[in-house]
Structure formats: structure tokens, C-alpha cells
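Hi,

Here is the structure I said I'd pass along. Have a look when you get a minute, and my notes are underneath.

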Amino acid sequence: MDNAFVAILMGSESDLPVMQGANDVLTSLGVRSEMKITSAHRTPAATQQYLADAESRGCAVFIAGAGLAAHLAGAVAAHTLKPVIGVPIDSGPMQGMDSLLSTVQMPAGIPVGTVAIGKTGAKNAGYLAAQILALQDPELAKRVKAEREQKAANVQAQDRALQESRKS
Ligand code: RP5
């Protein structure tokens, strides 16, 4: 689908520094995305309205990040059949363990694919969303593969440098 994009939702502006990682990964892979601050608790009606609107405009994957009693990803999953990726955010005194359990423990039939807590999870949400879109987009699949190859080359270069430094 030409107009396919990824919607990145977050419960609060305070989640933005973490969720920016998902957006950056998608941008680097040439995937269209948009970001939206909307809360399962504070703005439930607006969240539902945004989901319907995003789907009608071609949203193919939703990423939802929230902290504390993190219901956003589950609430999104309740309203769509598109894949939903949940990012537990470490915004409270439990360092994201509360958000992780709130996001991952969905009852059977309403799945939320949950990634790691915090910034790494947000980045992986971006990669995962891109891989989902790449199933139907061979050019994107090539870019995802090239990025992996670049990462592998970086590790090999690091090891060469390490071996070199140990000789001296
Ligand atoms: C959640 O509550 C948000 O996702 C955020 O992680 C957390 C705290 O929100 P703020 O009080 O910083 O707005 O709904």
C-alpha cells in the first residue's frame, strides 16, 4: 500500500525522549511515520478517534508507548486488527517493570507485541514495524537487510581494532 505508515502513540509528552527512538529508526529506513500524544486514561475518546482516523489514512502498524499502569498499547489493540507493538516506558519508581507487565500481559485474543523497557525497546519497535511493512515492500526489505549488514560490519571493525590494540 503506497500510503502505508506507522503511527507512534505515547501517553504523555514525558514519553517523547524515549519514543523518538522509534521515529528515528523508521526515518532512517525510509518509512513514513507520525507521532501522537494521546492517553488511554486521560483522553480515552480522543485516542479512539485518532485510531479510526489513522486507519482510514493507511496506518499499517501501531506503536504505543506508555509508563506506569501502561494501558495505551492494550487500548489500541482493542480497537484495531493492525499489529500493535507496545513499548513499556521507565517513567516511574518501578523503573518500567510496572509498564512492562501492564503492556505484555494481554488476555488471549488481543495481542500486543511487547518490546524491551525504554529506549532500546522503542528502537526495536521501529525495526519491528519496518520488518512488518517489508513483508509487502521488497525495496524496504533491502534497506532493512543493508542496515543489518552495516551493523555486522561495525562489530567486525570493532573486533579488528581490539585485536590490533592487543598486539601493541
Ligand atoms: C503515562 O503516565 C504516560 O505514558 C507516562 O509514561 C506516565 C507519566 O505521565 P506524566 O505524568 O509525565 O504526564 O500515562
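By cavity I mean a set of grid points where a 1.4 Å probe fits but cannot get out. Keep in mind that this is a predicted model. With that meaning, the structure holds one cavity of 30 Å³ or more, and the space in the largest cavity comes to about 30 Å³.

What lines it? Ala-64, Gly-65, Ala-66, Ala-70, His-71, Leu-72, Ala-73, Gly-86, Val-87 and Thr-103 do. Strand 3 (59-67), helix 3 (72-79) and strand 4 (84-89) each give at least two residues to that lining, and strand 3 has the largest share with three residues. By type, the lining of the largest cavity splits into six nonpolar, four polar and no charged residues.

On to the sheet. It is open, with five strands in the order 2-1-3-4-5 and parallel pairing. Strand 2 (33-37) and strand 5 (113-114) are at the edges with a single partner strand each, so one side of each has no neighbour in the sheet. Strand 1 (residues 5-10) runs parallel to strand 3, joined to it by six bridges; Phe-5, for instance, has Cys-59 in strand 3 as its bridge partner. Helix 1 (residues 16-28) lies across strands 1, 2, 3 and 4, at about 175° to strand 1.

Last, the second largest pocket: about 260 Å³ of space and 15 lining residues, with Ser-12, His-41, Arg-42, Gly-67 and Leu-68 nearest its centre. Its lining divides into five nonpolar, eight polar and two charged residues.

Cheers

Conventions: Residues numbered from 1 in each chain as written. Predicted model: local features only at pLDDT ≥ 70, side-chain atom pairs only at ≥ 80, totals over all residues. Heavy atoms only, no water. 1 Å grid on protein atoms, 1.4 Å probe; cavity = no way out; pocket = protein on both sides within 12 Å on 5 of 7 lines; lining within 4 Å. Points joined across faces, edges and corners; volume = space filled by probe spheres on them. Helix = DSSP H or I, 4+ residues; strand = E, 2+ residues; numbered from the N terminus. Nonpolar A, V, L, I, M, F, W, Y, C, P; charged D, E, K, R; others polar. Pairing = 2+ DSSP bridges. Contact = heavy atoms within 4.5 Å. Axes fitted to C-alpha atoms, helices over the stretch in contact; angles between N-to-C directions.
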